[in-house]
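Work through the three exercises below with the structure open. Each task is followed by a stepwise solution.

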There are 2 protein chains.
Amino acid sequence: MTTKVDYLFTNAIVLTMDEELNQYEPGAVAVKADSILEAGPESQIKNKYSGTETIDCGGKILMPGLINAHTHVPMTLLRGLADDLRLDVWLLGYMMPVEREFVSPDFVRLGTQIACLELIRSGVTCFADMYYFEEHVAQATAEIGLRAVCSQTVLKFPAPDADFYEESLELGRDFIERWKDHELIVPSIAPHAPYTCTEEILHAAAELAVEFDVPLLTHFAETALEVEKSRDEHGMPVIPYAKKQNLFDAKVLAAHCVHIDEGEIHTLLHHNVGVAHNPTSNLKLASGYAPVSKMIEAGLNVGIGTDGTASNNDLDMFEEIRLAAFLAKSVSGDPTSLPAHTALEMATRTGAKALHIGDITGSLEPGKRADIILIDISRLHNSPRFHRDPGSIYSQLVYATKSSDVSDVMVNGKWLMRERDLGTWDESDLLAQAEDYAHRIDSFLVQREQSILSKLVAIGGALQEESFEVQAKARISDDTKAIEAIQSPEIEILYPRHYHEYDTYFLFEDPQQGTLRYREDEFIDKDGQVSNVRYRLTLIGPVREHQFPSDVLLSRSRFLAPAHHSLRFYREYFNPSGEVFIEKDRRRWRVLFQGTEFYVNLDRLDQPELGYFLEVKSRTWSRRDAEHKAQVATRLVEFLGASPEERLTKDYIELVDLGELNKEKT
Amino acid sequence: MTTKVDYLFTNAIVLTMDEELNQYEPGAVAVKADSILEAGPESQIKNKYSGTETIDCGGKILMPGLINAHTHVPMTLLRGLADDLRLDVWLLGYMMPVEREFVSPDFVRLGTQIACLELIRSGVTCFADMYYFEEHVAQATAEIGLRAVCSQTVLKFPAPDADFYEESLELGRDFIERWKDHELIVPSIAPHAPYTCTEEILHAAAELAVEFDVPLLTHFAETALEVEKSRDEHGMPVIPYAKKQNLFDAKVLAAHCVHIDEGEIHTLLHHNVGVAHNPTSNLKLASGYAPVSKMIEAGLNVGIGTDGTASNNDLDMFEEIRLAAFLAKSVSGDPTSLPAHTALEMATRTGAKALHIGDITGSLEPGKRADIILIDISRLHNSPRFHRDPGSIYSQLVYATKSSDVSDVMVNGKWLMRERDLGTWDESDLLAQAEDYAHRIDSFLVQREQSILSKLVAIGGALQEESFEVQAKARISDDTKAIEAIQSPEIEILYPRHYHEYDTYFLFEDPQQGTLRYREDEFIDKDGQVSNVRYRLTLIGPVREHQFPSDVLLSRSRFLAPAHHSLRFYREYFNPSGEVFIEKDRRRWRVLFQGTEFYVNLDRLDQPELGYFLEVKSRTWSRRDAEHKAQVATRLVEFLGASPEERLTKDYIELVDLGELNKEKT
């Protein structure tokens, strides 16, 4: 008697992609419910099993579905938005502002649906994603029926789904709790990258991942600059720093790993970190060449990912696998590097291991889920077929097969595509919705093209100041009291500075454009001599994020750029509607007060002659911290001798421009 | 009144790819006979022209067909034959032996037909080819209706279509004469590469190309090794050497140009040399990174090619264009390098210029031929579309479009594909023929897998000695006369050597396998001391190409490999059926005799004690030269004191093994 199964696949070239790379031709596979019962030679499998449905594969390849090890699926809606740009211009000028404006649960759902259909068409049955509103990504993916590791992004910056990182972590925890036992979705947490997270975020994310035993996704060492900064700030490169933050307590899947050395490879290996290699993205953004062959030789589980469609611009794993194989040869100078079968293993069995789900998918083995694709290799661009070497079939798949050769896709025992038919999904409706988003984004950017920020970015690459500042400010009658107070034992001075500053403010008719400041900073040494001069542009946005009690402000829309050109150049380039000039003497201290670090500015405005002002500022990344610092800042301003009546919430430029100095009363 | 035309294309996104990158949406194009009359805004074109057939393009992109600037189309039949191998193993172990065995007019015709259909499907309307039996490539291409620059290959080695280069040049001349005025085919000549040609070939090819005003195709500086060898042999890198050989008198299209410097770029520019960049092939064979951005900046016409399908493994220009754009960014470290529109220009207008046919194709301009493709960009993987920046459309084509999005192809005003239908071509018949070739090639290689050469190649990478040798040999009674003669004024000694040689010959049951010699060469210095020892393997084939009068032989089946392993290792690895050991003392001179260079070996066989032998050898590349040298060699042997009766045609091993020493009589 034969065992009854749901599906019996026959007459296929079965590539199991198991450790031994067993292949059967003609081969057969028995599937029951969500799982594979057995794969083997057709005669053997037919003797053991009979199918409720028997599928004659017509000599096609039957293999495990491909695994896209790193992507941001909702970004399909931003495909082709901005290409051929420098990373800072691309990110600050386009991606970030558009994401802040448009990314919503609806955006994420639509982008995910389009991505999933594109993934199915190209033979992908499982992917690892990190984005915002990740629960909506999971929801849309599960509805379509694909398998995914879905990871809620956490950043120290405000994100489309959270003003503070605590909220992102909370979103992540809720999401993981709700989805932990889903049959298709593995929920997880994604501290975006060491350089975009605080130590607190890294610790908290690792703890969360360990608590629920879910993967932790992140980006490591994508650019040389990132590594350089890590060395500067932490005295070590990215991987040791991540280790120090306990990240490797969790099951980590790290994207990129472009700029890592052999020691770091061994650290990753020791902690069973999976790596997602993204050849297209690394080339397109000129990030560098990941040492893929070395990682594989060392024994790391390296998968292949497309990255998001804004930096690729598609989700085509066949192209990605091919490029991974090509690039490794060139990088190592050895055409035998990363042979076809290894590249295909990276996109199947090894990729699943990198995602820490190697026990359930990635190969056709008894007990694993039925994540299966059929591929027609009989077409013109894929002929002829050589049989001499059993490895030729992998070479054919990697070097000549196109995603359009995938004909059928099954995930978890359920059909998602048959003979290239996606069933009930209405592609044209989704496309129409995507076009609507594109239209709105176009309009938004056309308006922004006029913006000062875009122009700033365009000429020099502005850097968003990596901070929100809590700030308190007050007028004082003279500087004597403040200088005395600052030298008292209650305050520890970390370092002092002295500047003479010449500021030219450009004003614009639309106040939403903010104000652009061109500053000439003279550094004054102990002897009162000018030791150095620095020129900077700062775009001060109109947005105040929050006003705490006692006139403490939380601000975060400042962009800095070095000013390499003359004031004349900027005047012509930005064409301001008005200008204000302010000259002041600034003494500045970095201090520790009641356990909190602050910058204290003691300013004397010389032109116009507005007298003395006191400012205290502190960087913050979280809401709780901001509230705490606002309270301490209020106490510090008072300790330095300012009376509550003299507190200000306005910038100098506002005092001057609006002629409101005398009216200012809080 | 409107002008009547054959085809009026309407409702298209018309990308002219002209110098100004004019685009029209909705746009229209008027085609009459084989040419474009005009492209422009739809309303304007519709007012001026009416079509015998009006084609509503349904909002698709209408643009000039792509140009594949470097390929070897018949190699579609070798696609996937051998991948992930070192160049020498790939070339010597697989490509060369298979080509010598299988490449025929029939092979070339079938391979070209398959390639042409694959090219049409992927939107290519024109390609530059170089292969053997090129007239048959041209014939098959013209029948299908594609445009091509077809180039007859000339090599100093024997080729599938010619034993000597004189024959290849003659084939080229006949082909060019017959096809010079064809409407689709531009015939041309292809000296394969400076390092695979003699100076005579380069001169003759350049003269031929100039005589008929046709392009000259070649490969330049594909690998670092090639440049190194050029410096060693000619004292200069590849481009100056090519210039010295008058190559740039012709209209040159040079493939690869990977390892060239800025000076060489300017030499190419000065001589209006077109360059074919082959990113996939360069990556896959680990050849290096061509300085594409620098070439383009300098003003060179750089096109994009797929190279042959044995090193790619497809003819997909969309993937190739994409990779060209990606790779240039990474190589230059600048993501703004080679933006999308430039990549697409390389594959259209600039590519045509590189092929020296920029006046007839490559853009949609009045008077150029109607080489047109339609592309559907409304599919899932290619959405949404942003309109803000007119450049987005190029970005969409380069970064997200697939060859399968091409729906219609017209060449020279004739339809080759409509709605992905290739018309009367029976793809399944072609595929069946290709499978038949694959089957025969498989069998051939399975037999060869046993071969000594394959095994030699597999362990060390044998080098085919870059020569055919004319050789004459004779027994002499002692060495006195020969040593006297060699010091006479008739002979100029270029350098002397002295070896003591210990040779172990491995014999095999199948005499077709040849004989493998393991040689230990002791270098003897002036004082009779051993100054150095060298270990080498030489596979001596059974083939004698030609026997000239006076027992002069022309041989060319010798493969050399350094012997890094022990004799024991090789004995086990090759498992010979018999062994012969020969020890001899060899004095060797490189001499000039009657204006011709020879090696003279004066051997004393010590074990077995066979006495003295005299050998003279000279390298040759052409039949005429070989005949000439055979005559001089005969005279030299006699001059050195050997009598005609003592001439031999057998190797020492044959003398010993067959016990035929005493029977040897010629």
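The exercises cover cysteines, chain symmetry and a surface patch in this predicted model.

**Exercise 1. Cysteines**

Task: Find how many disulfides there are over all chains.

Solution:
- Step 1. Apply the cut-off: a disulfide needs two cysteine sulfur atoms within 2.5 Å.
- Step 2. With this rule, the count over all chains is zero.
- Step 3. Check B:C116: its nearest cysteine sulfur belongs to B:C150 and is 8.4 Å away, and B:C116 is in no disulfide.
- Step 4. Check B:C126: the nearest cysteine sulfur is again that of B:C150, here 9.2 Å away, and B:C126 is in no disulfide.
- Step 5. Classify B:C116: its relative accessibility is 0%, so it counts as buried.
- Step 6. Classify B:C126: this residue has 0% relative accessibility and therefore counts as buried.

**Exercise 2. Symmetry**

Task: Determine what rotation superposes chain A on chain B.

Solution:
- Step 1. Take the rotation: 180 degrees, with a shift of 0.2 Å along its axis.
- Step 2. Check the fit: the RMSD is 0.3 Å.
- Step 3. Conclude: the two copies are therefore related as by a two-fold rotation axis.
- Step 4. Turn to the interface: 99% of chain A's interface residues are also interface residues in chain B, so the copies meet through the same surface.

**Exercise 3. A nonpolar patch**

Task: Identify which residues make a nonpolar surface patch of about 220 Å².

Solution:
- Step 1. Name the members: A:V530, A:V533 and A:Y535.
- Step 2. Place A:V533: it lies in strand 21 of chain A, residues 530-540.
- Step 3. Classify A:V533: its relative accessible area is 32%, so it is partly exposed.

Definitions and conventions: Residues are numbered from 1 along each chain as its sequence is written. Chains are lettered from A and ligands numbered from 1 in the order in which they are written. This is a predicted model: local features need pLDDT of at least 70, side-chain atom pairs count only at pLDDT 80 or more; totals for chains, interfaces and linings use all residues. Side-chain values use heavy atoms; hydrogens and water are left out. Buried means under 20% relative accessible area, exposed over 50%, partly exposed in between (1.4 Å probe, protein chains only). Copies are superposed by least squares on the C-alpha atoms of residues with pLDDT of at least 70 in both. Contact means heavy atoms within 4.5 Å. Patches are made of residues with over 30% relative accessible area and no salt bridge: like charges are joined within 9 Å, nonpolar side chains (Val, Leu, Ile, Met, Phe, Trp, Tyr) within 5 Å. Accessible areas come from the Shrake-Rupley method with a 1.4 Å probe; for residues, only the protein chains shown count as cover. A salt bridge is a side-chain nitrogen of Lys or Arg within 4 Å of a carboxyl oxygen of Asp or Glu. Helices (H or I, at least four residues) and strands (E, at least two) are DSSP runs, numbered from the N terminus.
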